[in-house]
Amino acid sequence: MRSVERTVFKTIKRERLFTPDDRIMIALSGGKDSVVLAHVLSKIEKRYGAKLFAVTIDEGVRGYREEGIRIAKDVTNKLELEHFIFTFKEAYGYSLEEIYGMARSKGIPLLGCSFCGILRRRLLNDLALKLGATKVATGHNLDDEAQTFLINVFRGDIERIGRAGARPLVVRDGFIPRVKPLRYIPEKEIAVYVYAKGYNLYQNECPYVRASLRDEIRDLLNRLDADHPGTKHSIVNVSDALSKFLEEKIVASKMESCTLCGSPSSRKICRTCEVFSLLGIRKTSV
Ligand code: SF4
């Protein structure tokens, strides 16, 4: 337990993730990573003086999300954290199930996770702005980060490789910086921590999960790390080193405004508007 906490606190200090006047929004899905994140960060209110609250997004997946919301409520009650729950339906007018159904009826070949990821990222940023957060903390762990690095390598996405890291290299107007205090903690240690602290573990699997490149990379990395311990750490260390080399390029890259909604975006039309144009629906806002 102490090793996990020490690594998180070291990351916070070394990467300068927080300042005492930060108002930190924890993205709390109810999964094990976000539960450990909330538990460990709840100690920093005393240590660093930063203020915390949690937000849970209900995408609208029946039979799956309810359990996460229940766990998130338990955790925030136990830790005495302010907690907000927002739904896709409130923000966008449609649940993920409805959006996925519309996409299928129009023959749009995107996976449920693609819609979910794009819309959740946007909603988290909109909520952070609305609720006055100065940082958004997410529960990405070492395994997630090593997988993401390899995905970016396989896709040849240099810019995303440069943007990886426990905190963003550049803070852009309209974006609340997202920080990852668990970036150096292996998934297995997180599972042990959450179990030892007596929290419930999420049992259900989202029905939209499909075999993806990430799954293949996850299996590959688990095999490699079992045969060659330290592989995942080495990959994340390489990712950190490359980000530093690419810093100039990232800092110099331009951010524009989406021509449809005006939100900051590296593209002419942001991913959220792109998705809604495909579906023919008009985005609402929180
Ligand atoms: S598995 Fe995919 S669709 Fe389900 S909650 Fe996660 S990102 Fe969303």
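## Helices H8 and H12

Helices H8 and H12 cross in the left-handed sense. Their residues are 142–155 for H8 and 231–245 for H12, and the two pack with axes 9 Å apart at an angle of about 60 degrees, so that H8 and H12 are oblique to each other. On the H8 side the contact is made by Leu142, Asp143, Glu145, Ala146, Phe149 and Leu150, and on the H12 side by Lys232, His233, Ile235, Val236 and Ser239. The model described here is a predicted one.

## The sheet and its pairing

Five strands form an open sheet in the order E3-E2-E1-E4-E5, and their pairing is parallel. The edges are taken by strand E3 (82–87) and strand E5 (178–179), each of which pairs on one side only. Strand E4, which covers residues 135–137, is joined to E5 in the parallel sense over two bridges, and within this part of the sheet Ala137 is found opposite Val179 of E5.

At the other edge, strand E3 contains Phe86. Is Phe86 buried, partly exposed or exposed? Phe86 has 18 other C-beta atoms within 10 Å, and therefore counts as partly exposed, since a residue is classed as buried if 20 or more such atoms lie within that distance. Phe86 and Leu127 are separated by 41 residues in sequence, yet their C-alpha atoms are 8.8 Å apart in space.

## Helices across the sheet

Two of the helices can be placed relative to the strands. Helix H2 (residues 32–41) lies across strand E1 (23–27), strand E2 (51–58) and E4, and runs at about 155 degrees to E1. Helix H7 (residues 112–130) lies across E1, E2, E3 and E4, with a direction at about 140 degrees to E2.

## Helix H2 against helix H10

The axis of H2 and that of helix H10 (residues 187–196) come within 9 Å of each other and cross at roughly 65 degrees, which makes H2 roughly perpendicular to H10. The crossing in which H2 passes H10 is left-handed. From H2, the residues Lys32, Asp33, Val35 and Val36 take part, and they meet Ile190, Ala191, Tyr193 and Val194 of H10.

Within H10, the buried residues are Ile190, Tyr193 and Val194. They cover an arc of only 95 degrees around the axis, and so they lie on the same side of H10. The buried residues of H10 pack against H1 as well as H2, whereas Tyr195 and Ala196, on the other side of H10, are exposed. After H10 comes Gly198, with a positive phi near 80 degrees.

## Helix H7 against helix H14

Helix H7, already placed across four strands of the sheet, also meets H14: the axes of H7 and H14 come within 9 Å and cross at roughly 130 degrees. H7 and H14 are therefore oblique to each other, and H7 passes H14 in a left-handed crossing. The residues that meet are Phe115, Ile118, Leu119 and Arg122 in H7 and Arg271, Thr272 and Val275 in H14.

Which residues of helix H14 (residues 271–279) are buried? Thr272, Cys273, Val275 and Phe276 are buried in H14. Because they cover an arc of only 160 degrees around the axis, they are on the same side of H14, and the buried residues of this helix pack against H7. H14 is followed by Gly280, in which phi is positive, near 75 degrees.

## Loop residues with positive phi

Besides the glycines that follow H10 and H14, there are non-glycine residues with a positive phi. One of them is Arg16, with phi near 50 degrees; its place is the loop between helix H1 (2–14) and E1. Arg16 has 10 other C-beta atoms within 10 Å and is therefore exposed, the limit for that class being 12 or fewer.

Glu80, also not a glycine, has a positive phi of about 55 degrees. Glu80 belongs to the loop between helix H4 (65–79) and E3, and because 10 other C-beta atoms lie within 10 Å of its own, Glu80 is exposed.

Technical notes: Residues numbered from 1 in each chain as written. Predicted model: local features only at pLDDT ≥ 70, side-chain atom pairs only at ≥ 80, totals over all residues. Pairing = 2+ DSSP bridges. Contact = placed C-beta atoms within 7 Å. Axes fitted to C-alpha atoms, helices over the stretch in contact; angles between N-to-C directions. Arc of directions from axis to C-beta. Parallel < 35°, antiparallel > 145°, perpendicular 65-115°, else oblique. Left-handed = near helix turned anticlockwise from the far one by under 90°.
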